[in-house]
Each structure stands twice: as C-alpha cells, then as structure tokens.
Amino acid sequence: MFPLGYIKSSYHAFKHAAVGIRDVISGQSWRRSLLDEAADAYVDSVWCEGDESLGERDKHFFQVGATFAGRRITDQQHDELCNSVVRGLQITNTDVVVDVCCGNGIVTDVLAQHASTVIGVDFSSRLLEIAKAHYMQQNVSYIQMDLSKPELARFAKFPPVTKVCFHSALQYFTVEDLREILLFLKTLSRGEPLKIFIGAIPERSRKFVFYKTFGNRVSFFRRWFQRKADVIGSWWDRSVLHALATDMSGSCECFDQEVIQHTSHYRFDAILSFP
C-alpha cells in the first residue's frame, strides 16, 4: 500500500499536468498565462498586509520574497546576506554604492551603515514608498527607474559610483540585459575602478535541487510545456558571467553562499571587477 501522503501528492501532480495539457490543447494564449502568473506573484507579495499577526518588519521581508518555507528568513540569515555583500565589496565610509533592484530597502539600510552614499534603484514605486518611509537615512537616496531604460542624468548629482549591490534579482534578466546594465554601471563609475556584487544567482546545474519533489518537478515541466517559462526566472551558469566580465575587460569570481543563507542549496554569488 502506498502512504496517503504519496497518493495525495501524486494526484495533485497528475491534476496539474492534465490542466497544462488541457490549456495547450484548448489554445490558451502564452500572453494570458504570463499575465495570470504576474497577478499571482503580486498577490503572493502582498498577502501579508492584512495579517495582523505579523509585525511591520516581518511584512517587509515577505514583500521582497525574503522567505523560506512560508516564513520570513531569520534575522541571522538576513544579517549574513547583508554582511556577505559588505565583506565581498569591502565597503568603506568613502564608497558610493548603488543598490540595484533595492526593493523596499531592507538591504539598502544596512549598506548605508558602512558607505558614504547609497543610491537605491528599483522599478516599483510602491516598494520605494515603503523604503522611503522605513529605511531612509541621511546618506541614502532612492530612484525609481526601469533598468532597461536607464537615465544617466538622474545620477549627475552623485559622485562616481565605486561599488554596486545587485542581490536576488539577476533571475529577472537575460544575458543581454545584464550586459546593458553593466555598461550603464560602468558609465556611473566615470572611469574609476568598479566592483559589483551579484548575489543569490540561481545556478542551472542545481535546478533540480530546487525542484526536488515529484510534485514540484511535474509543475516545472508543466510550465515548460505550456510556454517555456520558469517560476524562478532565468537560471545561470558561472561560465557565462566569467565570459561576460572578460569580454568587458573585467574579471569575475564566483563562489558558493554560506550554508546559513536560505538559498545556499541552489544559488551562488559573484563579484565582478572592472579596473
């Protein structure tokens, strides 16, 4: 006899697969699926706002996906995430730091304790409103900007950028996107040496460490069968980052995350340096 839990998970996995096949056969559009997926992601990001059992800071972690197994990451895990950036970039009180995809500022706030100036950049006006309300310091500025359409003039008042934090967001970009972002960041450095910490990069070779259960794998292949979209976004090979940095006259060092970090089982970090 199969255990009840196994039977239930197998049933749900089969149901998801059947729904995926039905959608394709019935002609459900790829664009409609993406819109539904985006709506689901939005709901997931704000579901906690009406939960009075959560404190304000707990909600901030849920808003930017700093969660594991349905719970916000611990303060110790958050501290290690932030400290890995500070250590990796060797941030000092003379550095001008850009926090790319800063979200609601929970990492920006820590970087500002070590740097001369920190500029948080994000596409979401809603998250930036939270950042300005809760994580604003004298040496912090926030800019709403679409990185696919960078606006150089908005950085004119700041000194040359020396360090960049780009954490937990690379999966939302392609290699071509990253190249353009790096070119823009190099422009902000105005010829000065630049160091970029790219954190929590989903590693292609560990994709099925993330999709480790039978149900998760069926769900993955369902998405692939429908529209070749992945819930994580883009998965990366370390060799791609090395090649890109070299092609842009820089260097790249990739390394595993500390085990304490909640994404260490399937993500890695990288530091790109441009002289």
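In which sense do S6 and strand S7 (residues 194–202) pair, and over how many bridges? In this predicted model, the two strands pair in the parallel sense, and five bridges connect them. The points below begin with strand S6 and its neighbours, and then turn to a nonpolar patch on the surface.

**Strand S6 and its partners**

- Strand S6, which spans residues 163–167, is mostly covered, since five of its five residues are buried.
- Lys 163, Cys 165 and His 167 point one way from S6, whereas Val 164 and Phe 166 point the other way, and all of them are buried.
- In a regular strand, side chains alternate between the two faces of the sheet.
- Strand S3 (residues 96–100) runs parallel to S6 and is joined to it by four bridges.
- Val 164 has bridge partners in both neighbouring strands, being paired with Val 98 of S3 and with Ile 196 in S7.

**Connection between S6 and S7**

- Together with helix H7 (residues 175–189), strands S6 and S7 make a β-α-β unit, and this unit is right-handed.

**Nonpolar surface patch**

- Phe 208, Phe 221, Trp 224 and Phe 225 form a nonpolar patch on the surface, and together they have about 430 Å² of accessible area.
- Helix H9 (residues 214–227) gives the most to this patch, contributing three residues.
- Phe 225 is one of the patch residues and lies in helix H9.
- Phe 225 has a relative accessible area of 45%, and it is therefore classed as partly exposed, a class that lies between the 20% limit for buried and the 50% limit for exposed residues.

Methods:
Residues numbered from 1 in each chain as written. Predicted model: local features only at pLDDT ≥ 70, side-chain atom pairs only at ≥ 80, totals over all residues. Heavy atoms only, no water. Patch = residues over 30% accessible without salt bridge, like charges linked within 9 Å, V, L, I, M, F, W, Y side chains within 5 Å. Areas by Shrake-Rupley, 256 points an atom, 1.4 Å probe, with all protein chains shown as cover. Salt bridge = Lys/Arg side-chain N within 4 Å of Asp/Glu carboxyl O. Buried < 20%, exposed > 50% of the residue type's maximum accessible area, 1.4 Å probe, protein only. Pairing = 2+ DSSP bridges. Right-handed = clockwise from strand over helix to strand, strands pointing away.
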